[in-house]
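Student: I should like a close look at one part of this model, taken slowly and in order. Please describe how its helices meet.

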Amino acid sequence: EVAWASLPAAEQEEMDEVEAMYTEAAAQGHSVATVNLGHLLETVRKDFDGAEAAYRAAISADPGHANAHQYLGFLLQNVRDDFDGAEAAYRAAIAADPGHAGA
């Protein structure tokens, strides 16, 4: 994981551009971009509320998106200590893709 404050200014600017592109694509309904935005918010920005909202938006747009369920599960388990919610998310990932190794 990369801490936002530890990035050089040029890399912070690049990450701002990446976030803007993901945000624009997510607004157009691209669930993969929405999941990627959530992952960036979670791991780089440490914006856990924004990440959770992005994962939930991706799931709403595409309930069969196994990675969105998986990442939501990780966040619920590791950040929120919501083990019941995490289990439900992992089960949804498996239901969406029974061969999904991450869940």
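Tutor: What follows is an account centred on one helix and its neighbours, based on a predicted model.

The part chosen is helix α2, which covers residues 31-45. Its contact with α1 (residues 9-27) may be taken to begin with. The axes of these two helices come within 8 Å and cross at roughly 145°, and the crossing in which α1 passes α2 is left-handed. On the α1 side the contact is formed by Met15, Asp16, Val18, Glu19, Tyr22, Thr23, Ala25 and Ala26. Their partners in α2 are Ala33, Thr34, Asn36, Leu37, Leu40, Leu41, Val44 and Arg45. Sorted by class, this contact comprises 10 nonpolar, 3 polar and 3 charged residues.

The other contact to consider is that of α2 with α3. Here the axes come within 8 Å and cross at roughly 165°. Angles over 145 degrees count as roughly antiparallel, and α2 and α3 are therefore roughly antiparallel to each other. The crossing of α2 past α3 is left-handed. From α2, the residues involved are Ser31, Thr34, Val35, Gly38, His39, Leu41 and Glu42; from α3, they are Phe48, Gly50, Ala51, Ala54, Tyr55, Ala57 and Ala58. By class, the contact of α2 with α3 has 8 nonpolar, 5 polar and 1 charged residues.

Between α2 and α3 lies a loop that holds Lys46. The phi of Lys46 is near 60°, a positive value in a residue other than glycine. Most residues other than glycine have a negative phi. Lys46 has a relative accessibility of 34% and so counts as partly exposed. A positive phi, near 55°, is also found at Asp81, which sits in the loop between α4 and α5. With a relative accessible area of 53%, Asp81 is exposed.

The nonpolar core leads from α2 to the later helices. The largest such core has 15 residues, and Tyr55 and Leu72 are those with the most contacts inside it. Two or more residues of this core come from each of α2, α3 (48-61), α4 (66-78) and α5 (83-96). Tyr55 is also one of the α3 residues in the contact with α2. Leu72, for its part, touches Glu52, Tyr55, Arg56, Ile59 and Ala89, leaving aside residues up to four places away in sequence. Tyr55 and Leu72, the two residues with the most contacts inside the core, thus touch each other.

Conventions. Residues numbered from 1 in each chain as written. Predicted model: local features only at pLDDT ≥ 70, side-chain atom pairs only at ≥ 80, totals over all residues. Heavy atoms only, no water. Axes fitted to C-alpha atoms, helices over the stretch in contact; angles between N-to-C directions. Helix = DSSP H or I, 4+ residues; strand = E, 2+ residues; numbered from the N terminus. Left-handed = near helix turned anticlockwise from the far one by under 90°. Contact = heavy atoms within 4.5 Å. Nonpolar A, V, L, I, M, F, W, Y, C, P; charged D, E, K, R; others polar. Core = buried A, V, L, I, M, F, W, Y, C linked by side-chain atoms within 4.5 Å. Buried < 20%, exposed > 50% of the residue type's maximum accessible area, 1.4 Å probe, protein only. Parallel < 35°, antiparallel > 145°, perpendicular 65-115°, else oblique.
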